Amino acid sequence: MLKLLSSAVLSLLVSLWTEALAVTTTTVATHNTLHGSANVQPLADIIGWQEVDTDAGHSKLGALEFYDHHRPGEGRLDARNSIAISWRKNKYEKTGDGSRLTHGGEAGVTPARFVNWVVLKNKDTGAKLAFINTHYISGAWNGEHPERQERWQTHNAVVREVVADLLSRGLPVVLVGDFNRPLSQDIPGMNHLRTAGVDGVPIDQIYVSRGIGTGPAERLEKYGSDHFAYTATVQY
């Protein structure tokens, strides 16, 4: 009896030790779809899209097999939905989500801008990951529209707040998006991933919380957009 009990205890300890050492590997990606004109591709396990702001774009997203989507706006063309998030539904289930306005829109200048996020639980390991997607105002840093920099900075402040909140919950965090500035940002608790084979910093960027990935990110094709798609792998 003692031997059987010892064996059972040992098996339990080994099981708990194995679970503690389990690592979840996830691929992530970001792509600006040029108002939905790009070919929507299964780029990664979790994908942040930008400029999904047309019926055609949303139809393409809906036709993407084996994915679920976070589109928090009430109407299909709600500005919040332009930065949709997609994930492989056989691998993940959504346990939380959110969306925050960064600044309002102005006709001929910018739509309203947002930060969207989801918390996804891996179905095999049970590990959770927070994934954030966003798209900053254009033209603020190219010398043409310096008056837009205040909106850009306001947006950046909201991004930092969302990141800080998710990190405070003990979650590993990935942040992707079109930053419309070729400069990596100092976001507390996060590391910017450089892109292999690319000099400088593209405006489409990937950040990961410290300890879950060192990169580099990989530049993919444009798939019919005017932006390249980018992907990276994280472990947590």
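What does the accessible surface of the chain come to, and what share of that surface belongs to carbon and sulfur atoms? The accessible surface comes to about 11,500 Å², and 51% of it belongs to carbon and sulfur atoms. Accessible areas here come from the Shrake-Rupley method with a 1.4 Å probe, and for residues only the protein chains shown count as cover.

Before I continue, a word on the basis of these values. This is a predicted model, in which local features need pLDDT of at least 70 and side-chain atom pairs count only at pLDDT 80 or more, while totals for chains, interfaces and linings use all residues. Residues are numbered from 1 along each chain as its sequence is written, and side-chain values use heavy atoms, with hydrogens and water left out.

Let me begin with the chain as a whole. Its C-alpha trace spans about 80 × 35 × 35 Å along the principal axes. The radius of gyration, taken over C-alpha atoms, is compared with a globule rule of 2.2 Å times the number of residues to the power 0.38. For 236 residues a compact globule would have a value near 18 Å, and the 20 Å of this chain agrees with that. Of the 236 residues, 45% are buried; buried means under 20% relative accessible area, exposed means over 50%, and partly exposed lies in between, with a 1.4 Å probe and protein chains only. Among contacts between residues at least 6 apart in sequence, 54% join residues at least 24 apart, where contact means heavy atoms within 4.5 Å.

The chain has 3 helices and 12 strands. Both are DSSP runs numbered from the N terminus: helices are H or I with at least four residues, and strands are E with at least two.

I turn now to the sheets. Two strands pair if DSSP finds at least two bridges between them. One open sheet of 6 strands has the order 5-6-7-8-10-9, with mixed pairing. Its edge strands are strand 5, residues 92–103, and strand 9, each of which pairs on one side only. Neighbouring strands of this sheet are turned by 20° against each other on average, direction ignored; the axes are lines fitted to C-alpha atoms, for helices over the stretch in contact, and angles run from 0 to 180 degrees between N-to-C directions.

Which residues of strand 10 point one way, and which the other? D204, I206 and V208 point one way, Q205, Y207 and S209 point the other way, and all are buried. Strand 10, residues 204–209, is thus mostly covered, with 6 of its 6 residues buried. Strand 8, residues 173–178, runs antiparallel to strand 10 and is joined to it by 5 bridges; in this pairing G177 has Q205 as its bridge partner. Strand 9, residues 190–192, is also antiparallel to strand 10, with 3 bridges between them. Here M190 is partnered with S209, and N191 stands opposite V208.

A further open sheet of 6 strands has the order 3-4-2-1-12-11, again with mixed pairing. Strand 3, residues 67–70, and strand 11 stand at its edges with a single partner strand each, so one side of each is left without a neighbour in the sheet. Within this sheet, strand 1, residues 25–32, pairs with strand 2, residues 46–50, in the parallel sense over 5 bridges. V28 stands opposite I46 in strand 2.

Next, some details of the backbone. Most residues other than glycine have a negative phi, and most peptide bonds are trans. A cis peptide bond joins G215 and P216, with omega about 5°. P216 lies in the loop between strand 10 and strand 11, residues 218–219. N180, in the loop between strand 8 and strand 9, has a positive phi near 50° and is buried, at 15% relative accessible area. Y223 has a positive phi near 55° and is found in the loop between strand 11 and strand 12, residues 230–235.

In helix 3, residues 149–168, we find R160, which is partly exposed with a relative accessible area of 35%. Leaving aside neighbours within four places in sequence, R160 is in contact with D186, I187 and P188. The C-alpha atoms of R160 and D186 are separated by 9.2 Å, although the two are 26 residues apart along the chain.

Finally, the record. An unreviewed UniProt entry places the feature "domain: Endonuclease/exonuclease/phosphatase" at residues 31–227. UniProt positions are given in the numbering used here, feature names are shortened, and annotations may be inferred rather than shown by experiment. In the model, the end C-alpha atoms of residues 31–227 lie 7 Å apart, and the span is 14% helix and 31% strand.
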